[in-house]
Amino acid sequence: MAWFKRKEQGIQTPTSEKKDSPDGLWYKTNQGKIIHMQELRENAYVCPDDEFHVRIGSKEYFEIIFDNNTFTELDENMTSGNPLSFKDSKTYEDRIAASQKKTELKDACRTVVGKVNGLDLVVSCMDFSFIGGSMGSVVGEKIARGIDHALANKIPFMMISKSGGARMMEAGFSLMQMAKTSAKLALLDEAGLPYISLLTDPTTGGVTASYAMLGDINIAEPGALIGFAGPRVIRETIGKDLPKGFQSAEFLQEHGFVDMIVNRRELKRKLTTFLKMIQN
């Protein structure tokens, strides 16, 4: 049976004709298992073997939340300036340009309006891939304008936080966003419009100290890191050892800082239930 005999030795395909496997087809879980990205996407970016919630950005959250992935983006071309003429090894302008090229985002936050099972919702979502999801003046302004849109159209507002904290290149301008966004949320409260805060992994620094924790309902994803300062800084400040897992979503729920922990696959259904409940 000649088809079992190899007549020529070695690989005969020329290098120029070899085909590489496209990037981004597979994902390696924390347990070392390999899963196809299509399967992961269909599972709301939750690993089916261990329920680990993979870090995702605004693009993926909007896919999960909005009907038919249809929405309108607000202020999509807003970008950061360099009010302090900041420069370290690179200028701030260069860092912004490099991040925009790498992520195809304008900044670390996008604000959109769309429908969740037919119900209107304004959503501001942070992207950790853009300078660590740091909160600069553009992030604060986009959130503020998103709240303005919700107020003008009497639509509920949702914030999806994912951040390493304030953006050091903007110093005081970054810290001002904490007060600005908090004041805007107070207007939302006065108008009787609901504010839903979703805390994802990680939510830290000035974001946690402002809008992330001010929701009428605070929702967290399983296992999310949520805190203000890092464990080492806190330990050195108070001079005590800290409880294990004290900055996890589960610990915060147990101590009353988070109202509920929602699996990402259930997020759209939970949002729909909450929106229907408050509208009635």
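This passage describes the sheet, the nonpolar cores and a surface patch of a predicted model.

The sheet comes first. Seven strands build an open sheet. Their order is E3-E4-E5-E6-E7-E8-E9, and the pairing is mixed. Strand E3 (71-74) and E9 stand at the edges. Each has a single partner strand, so one side of each is left without a neighbour in the sheet.

Several pairings can be followed strand by strand. E5 and E6 run parallel and are joined by four bridges. Here valine 122 stands opposite phenylalanine 157 in E6. Strand E7 (residues 195-203) is likewise parallel to E8, and four bridges join the two. Serine 197 has asparagine 218 in E8 as its bridge partner. Beyond E8 in the sheet order comes E9. Two bridges join E8 to strand E9 (residues 260-261), and this pair runs parallel. Isoleucine 219 has methionine 260 in E9 as its bridge partner.

Strand E8 (residues 217-220) has buried residues on both faces. Ile217 and Ile219 point one way, while Asn218 and Ala220 point the other way. Asn218, the bridge partner of serine 197, is thus one of the buried residues of E8.

The largest nonpolar core holds 34 residues. Within this core, Val139, Ile143, Phe157, Met159, Leu188 and Tyr211 touch the most other members. Both helices and strands contribute. Helix H3 (92-103), helix H4 (137-153), helix H5 (171-190) and helix H8 (249-254) each supply at least two residues. Strand E4 (109-116), strand E5 (119-126), strand E6 (157-163) and E7 also supply at least two residues each. H4 gives the most to this core, with five residues. Apart from this core lies another, of 30 residues. Its members include Tyr45, Cys125, Met158 and Leu267.

Phenylalanine 157 links the account of the sheet to that of the core. This residue is paired across the sheet with valine 122 and is listed among the core residues that touch the most other members. Neighbours within four places in sequence aside, phenylalanine 157 is in contact with Leu121, Val122 and Ser124. Its contacts also include Ile143, Gly146, Ile147 and Ala150. Leu185, Leu188, Pro194, Tyr195 and Ile196 are in contact with phenylalanine 157 as well. Of these contacts, Ile143 and Leu188 are also named among the core members that touch the most others.

The surface carries a nonpolar patch of about 270 Å². Leu84, Phe173 and Met176 make this patch. Methionine 176 has its place in helix H5, a helix that also supplies at least two residues to the largest nonpolar core.

Methods: Residues numbered from 1 in each chain as written. Predicted model: local features only at pLDDT ≥ 70, side-chain atom pairs only at ≥ 80, totals over all residues. Heavy atoms only, no water. Buried < 20%, exposed > 50% of the residue type's maximum accessible area, 1.4 Å probe, protein only. Pairing = 2+ DSSP bridges. Core = buried A, V, L, I, M, F, W, Y, C linked by side-chain atoms within 4.5 Å. Contact = heavy atoms within 4.5 Å. Patch = residues over 30% accessible without salt bridge, like charges linked within 9 Å, V, L, I, M, F, W, Y side chains within 5 Å. Areas by Shrake-Rupley, 256 points an atom, 1.4 Å probe, with all protein chains shown as cover. Salt bridge = Lys/Arg side-chain N within 4 Å of Asp/Glu carboxyl O.
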